[in-house]
Each structure stands twice: as structure tokens, then as C-alpha cells.
Amino acid sequence: MDIEAQAKKRTRRAFYASLILFLVALAVVLISLNTGTIRLSPLAVGRTLLGNGSTDETMIMFDFRLPRILITMLAGIGLGISGAVLQGVSRNSLADPGILGIHAGAAFGLMIFVSFFRTMEGPSALMIPMFTFAGGAVTAVIIFIFAYDRYRGLLPIRLILVGIAVAAGISSVTLLLSLRLDEDTYSFAASWLAGSVWGRDWIHVWALLPWIVLIVPFIYMRSRTLDIFALGDDVASGVGSHVTKNRLLMLSLAVALSCVSVSMAGGIGFIGLAAPHIAKRLAGPQHRHFLPVAALVGLVILVAADTIGRSIFHPNAIPAGVVVAAIGGPYFLYLLFKTDK
């Protein structure tokens, strides 16, 4: 089989994988719209989405359920793509926003807010996302500074090691601050850290949407850059790629996606780690093929996890992050053992 035929085969494989996952995502979203404390029939969901629902159905759908589902969809896409970029840039299959310390920085930002600024005036619906985003972004800058070598640029192995060390230090300070909180504030913070998306409103959707719409297509257009990183820095430089500049750019985009997703959906782990692995198995190793699949995998995992957490365990809703870890952790271990054989 010649190279052109192989390329066409990989493209068809990626297309079918994306199509199937799109249909799965559509089904999961429809089930999620139908599921909750007050169940709506599929007919009622369709009628309400078309503007013909009753007053109660309209309130349930547009004031509570739909914003929450849209947040999980967008955040799932953001986490899946950011994980794929981080793994590609660092050439490390275990890299993800959590390991690099982004989640720890976001948690620290949350703890700073609830400890010192919770009574401040302002648009309270966006204050927590602002602080968590700032915490993750500042942490990323610190990691970049310590991982940078003046002669060799931003080194992947140093990036991972520095990220782990910085995350450990920030987590210890976060734990120290949490010990000073009262019971109610601590419960609120713990719920966010566990990945709860309860109480999300349209203002959060509109705040998250532009980041996903702008950054994700730009990353996809730079798919070839991510493929070149897999060849190693020396080879990448030899084919004309500005390694340090491109690595810093892609890392910045991945950090931005991760920070904004975590700021809206809470401290949800695993998705950025697992979605790229699953996508590569389905669509192949080229980024232009598996990036859309990684986005859909992240979407499906997070929407399904939130639906399971608020329906199966009703009336005691479980944060989506807990469900993701409970379901995804063992499955990822299965993938690792299967790969080693």
C-alpha cells in the first residue's frame, strides 16, 4: 500500500471515529437534558427547546439544565484538547493539566478568594472563575520560568519535573489555607475542588464560549507543529521549526484552555490525560486526525459524568469530578496494562 493510500485510510478512519463520537455525544446530551431532579420526557425536551414548553418546563430547561450541560460540553472539549497539546509538546504521554500543576494553581486561586476576598463587592458569579483562572495562569508562568534553559529553551522533561514540584508546594499551601476555613466555606470549596458544576448560569457559558471557539480552531490549524515535536527538538529544528517559540506558544494556548475550563467546571482531573490516549487509539497518531476526536471524547466523558452524578445518586448529587475519577481511573489503568502487553 503506497503512502497516499495509507493517508486516505487514516483520514477515513478519523472521519468515522469523529462521526460515531459525534452521534454518541448527541445521545449523551439528549439523555442529560431529559435527566435530573424533575424528569422531562424526550417530547417535552424537544417541545421546550422549540419554545413551546410550559412555564415550568422552560424554567427547568433554560434556567438550570441547559447552562450546566453547555458548561460541561465546553469544558470537556477544552480539557481534552489541552491534554492532547500538553502531551504533544512535552513528548510525554502522562502529561496533563493536573500533573503540570495547573489544577493546583486553580485550587490555590479559589482558596485565596474564599479566605480573603469572599465579601468583596463585584459580579460574584465570575469572581471565583477569575481567581481560579489567575491562580492557574500564575502557576503556569512560574513553571515556565523554572523550566526554561537559557541555552536550550523550554525543556520537556524539566517542564514535567518542575510542574510536579510546584504543584506539590502549592497544594501544601492550599491545604494550610483550607484549615482556617469555617465548615460551610470549606464544604463549598471542597465541592468545587471535586469538580462540581452545580449552579452554573448563562453568564458562565458566555464567559467560557469565546475561549473555546477561538483557541480550539487555532490549535487545530497548528496540528503540523505538534506532529513535528514528536520527532525531537533536533529534527524539528532541522526541518525549520522554531522549537522554543512554537513550544511556548502551544503551551500557552493549552494552559489558557485548561485554566478557563477548570475555572468554570471545577478541579476535574483525568480527562486531559485520558482523552488523547483514547483519541489516538481511535483515529491514529496524527494531531489533525485525533484532536477533534479528543475534543469529543472529553465532551462525552464530562457530560456523562455530570449526568450520572446528578441522576443515579439522587438526591445526594455526586460531583462530576468524582464520577470521572471513579469511572476513568480503572479504565485508564486497563489501557496502560493492555499497551504494555
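These legends walk through several close-up views of a predicted model.

**View 1. Helices α12 and α13 cross obliquely.**
Here we look at helix α12, made of residues 271–283, and helix α13, made of residues 287–311. Their axes come within 8 Å and cross at roughly 130 degrees. An angle that is neither under 35, nor over 145, nor within 65 to 115 degrees counts as oblique, and α12 and α13 are therefore oblique to each other. The crossing of α12 past α13 is right-handed. On the α12 side, the contact is made by Ile271, Ala275, Pro276, Ile278, Ala279, Lys280, Leu282 and Ala283. On the α13 side, the partners are His289, Phe290, Val293, Ala294, Val297, Gly298, Ile301 and Leu302. Sorted by character, the residues of this contact are 13 nonpolar, two polar and one charged.

**View 2. A closer look at α12 and α13, one helix at a time.**
The 13 residues of α12 reach 17 Å from the first C-alpha to the last, close to the 18 Å expected at 1.5 Å a residue. In α13, 25 residues reach 35 Å, close to an expected 36 Å. How many residues of α12 are buried? The count is 10 of its 13 residues, and α12 is thus described as mostly covered. Among them are Ile271, Gly272, Leu273 and Ala274, as well as His277. In α13, 21 of the 25 residues are buried, so this helix is largely enclosed by the rest of the structure.

**View 3. Gly284 sits in the loop between α12 and α13.**
This view stays with the loop that lies between the two helices and picks out Gly284. Just after α12, Gly284 takes a positive phi of about 95 degrees. Is Gly284 buried or exposed? With a relative accessible area of 4%, Gly284 is buried. Setting aside residues up to four places away in sequence, Gly284 touches Arg13, Ala279 and Phe290. Ala279 and Phe290 also take part in the contact between α12 and α13. Gly284 and Ala14 are 270 residues apart in sequence, yet their C-alpha atoms are 7.2 Å apart in space.

**View 4. Phe270 has a positive phi in the loop before α12.**
Now we move to the loop between α11 and α12, where Phe270 is placed. Most residues other than glycine have a negative phi. Phe270 is not a glycine, although its phi is positive, at about 75 degrees. At 12% relative accessibility, Phe270 counts as buried.

**View 5. Helices α3 and α8 run roughly parallel.**
Two packed helices are described by the angle between their axes and the distance between the axes. For α3, residues 55–90, and α8, residues 202–221, the axes come within 9 Å and cross at roughly 30 degrees. That makes α3 roughly parallel to α8. The crossing of this pair is left-handed. From α3, the residues that meet α8 include Phe62, Leu66, Leu70, Leu74, Ile77, Ile81 and Val85. From α8, the residues that meet α3 include Trp202, Val205, Leu209, Ile212 and Val216. The residues of this contact divide into 17 nonpolar, two polar and no charged.

**View 6. Phe64 is an exposed residue of α3.**
Phe64 belongs to helix α3. With a relative accessible area of 54%, Phe64 is exposed. Phe64 and Tyr148 are 84 residues apart in sequence, and their C-alpha atoms lie 45 Å apart in space.

**View 7. Helices α8 and α11 run roughly antiparallel.**
Helix α8 returns here with α11 as its partner: the two pack at an angle of about 155 degrees, with their axes 10 Å apart. That makes α8 roughly antiparallel to α11. The crossing is left-handed. Among the α8 residues in the contact are His204, Ala207, Leu208, Trp211 and Phe218. Among those of α11 are Leu249, Met250, Leu253, Val260 and Met264. By character, the residues of this contact are 15 nonpolar, two polar and no charged.

**View 8. Asn246 is buried in helix α11.**
Asn246 lies in α11, which covers residues 243–265. What is the relative accessible area of Asn246? The value is 11%, so Asn246 is buried. Leaving aside neighbours within four places in sequence, Asn246 is in contact with Arg222, Thr225, Phe229 and Ser241.

Note on methods
Residues are numbered from 1 along each chain as its sequence is written. This is a predicted model: local features need pLDDT of at least 70, side-chain atom pairs count only at pLDDT 80 or more; totals for chains, interfaces and linings use all residues. Side-chain values use heavy atoms; hydrogens and water are left out. Axes are lines fitted to C-alpha atoms, for helices over the stretch in contact, and angles run from 0 to 180 degrees between N-to-C directions. Helices (H or I, at least four residues) and strands (E, at least two) are DSSP runs, numbered from the N terminus. A crossing is left-handed if the near helix is turned anticlockwise from the far one by less than a right angle, and right-handed if clockwise. Contact means heavy atoms within 4.5 Å. Ala, Val, Leu, Ile, Met, Phe, Trp, Tyr, Cys and Pro count as nonpolar, Asp, Glu, Lys and Arg as charged, and the others, Gly among them, as polar. The expected span of a helix is 1.5 Å times one less than its number of residues. Buried means under 20% relative accessible area, exposed over 50%, partly exposed in between (1.4 Å probe, protein chains only).
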